[in-house]
Amino acid sequence: MKRFLILITGLLLTVGAALLTTNDVHGGFLKSGNPALDEAAAPYNNFASCVKCHDGEAVNDGGGSMEVSGLPSAYTPGQTYPITVTLQQTGAIDWGYEFTVLDAAGNAAGFLTNPDSNSQIRTSGALEFASHKSGGTFEGTFHGPVSWTVDWTAPAAGTGVVEVYAAGNAADDDDGRSGDSIYNAALAAVEDGVANDEASAIIQVDFPNQLTGSAFNELVRGTDSLRTMVRVRNHAAAADTYTVVSRVRLPNGSFFPTSGWLTTDQLTLAAGESGNVDIVQAVPAIAPLGSYQLQVMVGFPPATLVTMDTVDFDIID
Ligand code: HEC
């Protein structure tokens with residue numbers, strides 16, 4: 001019921017906005033000159049991304065790719081690094097992106113400067129966002145790859161792990177929200193010169209019910225799937241093979257499965273390399289309603305845990 005109310009409210013707001021203004025909901029410019037902020041697929045905002053509006057298909061399902069590069073495996077505090085977002089997809093012809101850099105607690109990490117001629121830097125609260133700007137969407141460039149670069153200056157010593165969260169749109173240039181494919185990506189760096197875990201893990205989730213204006217971590221039982229992308233980066237000096245396992249904590253505190261793991265994957269990563277494990281789990285109709293936690297652990301069996309990440313979600317009707 002709650003979802004229907006939200007859906008109706010969302011529809012009314014959308015219709016109202018269309019009547020009152022032009023169809024440029026990014027504000028001020030046609031052709032999406034200003035993508036909304038706080039949509040970089042970061043955990044503090046339930047991984048809200050451009051898919052809230054450009055919702056034709058699931059995130060990362062368009063057959064193309066998005067990559068974040070330039071962030072070293074270990075950063076030197078105070079040093080400046082160019083960070084590049086690259087998008088490509090066969091058939092796409094108009095492009096956009098957004099990223100922010102956070103510490104492990106979700107606070108801004110370092111600062112952004114020197115946007116290239118297709119980019120801009122804006123703030124939302126205490127966070128900084130790099131994004132494309134008006135005229136910076138590579139309109140007419142078929143298939144890509146296209147890329148944008150913004151400098152990031154690393155924070156002071158003692159900050160620890162930092163994480164770039166990014167969302168991008170490989171669009172069809174119809175000046176609308178349909179026919180576009182949204183991508184999410186994330187990349188972590190550890191702080192050089194301090195003791196670090198040998199690998200880091202970042203979870204991003206494509207929550208399917210992210211309607212315009214809101215960000216939810218809710219999944220409808222019997223209908224939705226938990227679509228999780230786990231980014232693992234090897235911060236060691238040599239290649240290694242990691243085992244990535246997951247399990248779910250149920251509302252009553254017990255785990256599913258009761259022993260062993262929901263998924264088990266292996267990733268072999270060169271030094272500094274980052275790789276993905278995708279975990280897609282349909283929510284069964286008999287799942288109890290309430291608060292859940294997905295736990296993803298990276299390590300070496302049988303008993304060496306290197307790092308872990310978790311994400312909370314609710315199962316609703
Ligand atoms: C609140 C709804 C909303 C959100 C959120 C949103 N967009 Fe859009 N976007 C639109 C609408 C409406 C249009 C068409 C009108 C226009 O061009 O401004 C559009 C158009 C675009 C286009 C041109 C598409 C084409 O086919 O011509 C790009 C590129 C784009 N958006 C990028 C982004 C990116 C990148 C994000 C996330 C960081 C994002 N948008 C988030 C509503 C949204």
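Strand 19 gives the most to the lining of the second largest pocket, contributing six residues. This description rests on a predicted model, and it turns to that pocket before taking up a sheet that shares some of its strands.

The second largest pocket has a volume of about 420 Å³, and of the 27 residues that line the pocket, those closest to its centre are Pro43, Ala104, Glu163, Tyr165 and Asp309. Sorted by class, the lining of this pocket comprises 16 nonpolar residues, six polar residues and five charged residues. Both domain 2 (31-196) and domain 3 (234-316) take part, since the lining of the second largest pocket draws at least three residues from each of these domains.

The table names strands that each supply at least two residues of the lining of the second largest pocket.

| Strand | Residues |
|---|---|
| Strand 4 | 94-103 |
| Strand 9 | 162-171 |
| Strand 11 | 199-205 |
| Strand 19 | 304-316 |

Strand 4 and strand 9 also appear in an open sheet of six strands, whose order is 2-10-9-4-7-6 and whose pairing is mixed. At the edges of this sheet lie strand 2 (74-75) and strand 6 (119-124), each of which pairs on one side only.

How many bridges join strand 4 to strand 9? Ten bridges do so, and the two strands run antiparallel. As one example of a bridge pair, Trp95 has Ala170, in strand 9, as its partner. Strand 4 and strand 9 are thus named twice in this account, as suppliers of residues to the lining of the second largest pocket and as members of the open sheet of six strands.

Terms used:
Residues numbered from 1 in each chain as written. Predicted model: local features only at pLDDT ≥ 70, side-chain atom pairs only at ≥ 80, totals over all residues. Heavy atoms only, no water. 1 Å grid on protein atoms, 1.4 Å probe; cavity = no way out; pocket = protein on both sides within 12 Å on 5 of 7 lines; lining within 4 Å. Points joined across faces, edges and corners; volume = space filled by probe spheres on them. Helix = DSSP H or I, 4+ residues; strand = E, 2+ residues; numbered from the N terminus. Nonpolar A, V, L, I, M, F, W, Y, C, P; charged D, E, K, R; others polar. Domains from an automatic or database assignment. Pairing = 2+ DSSP bridges.
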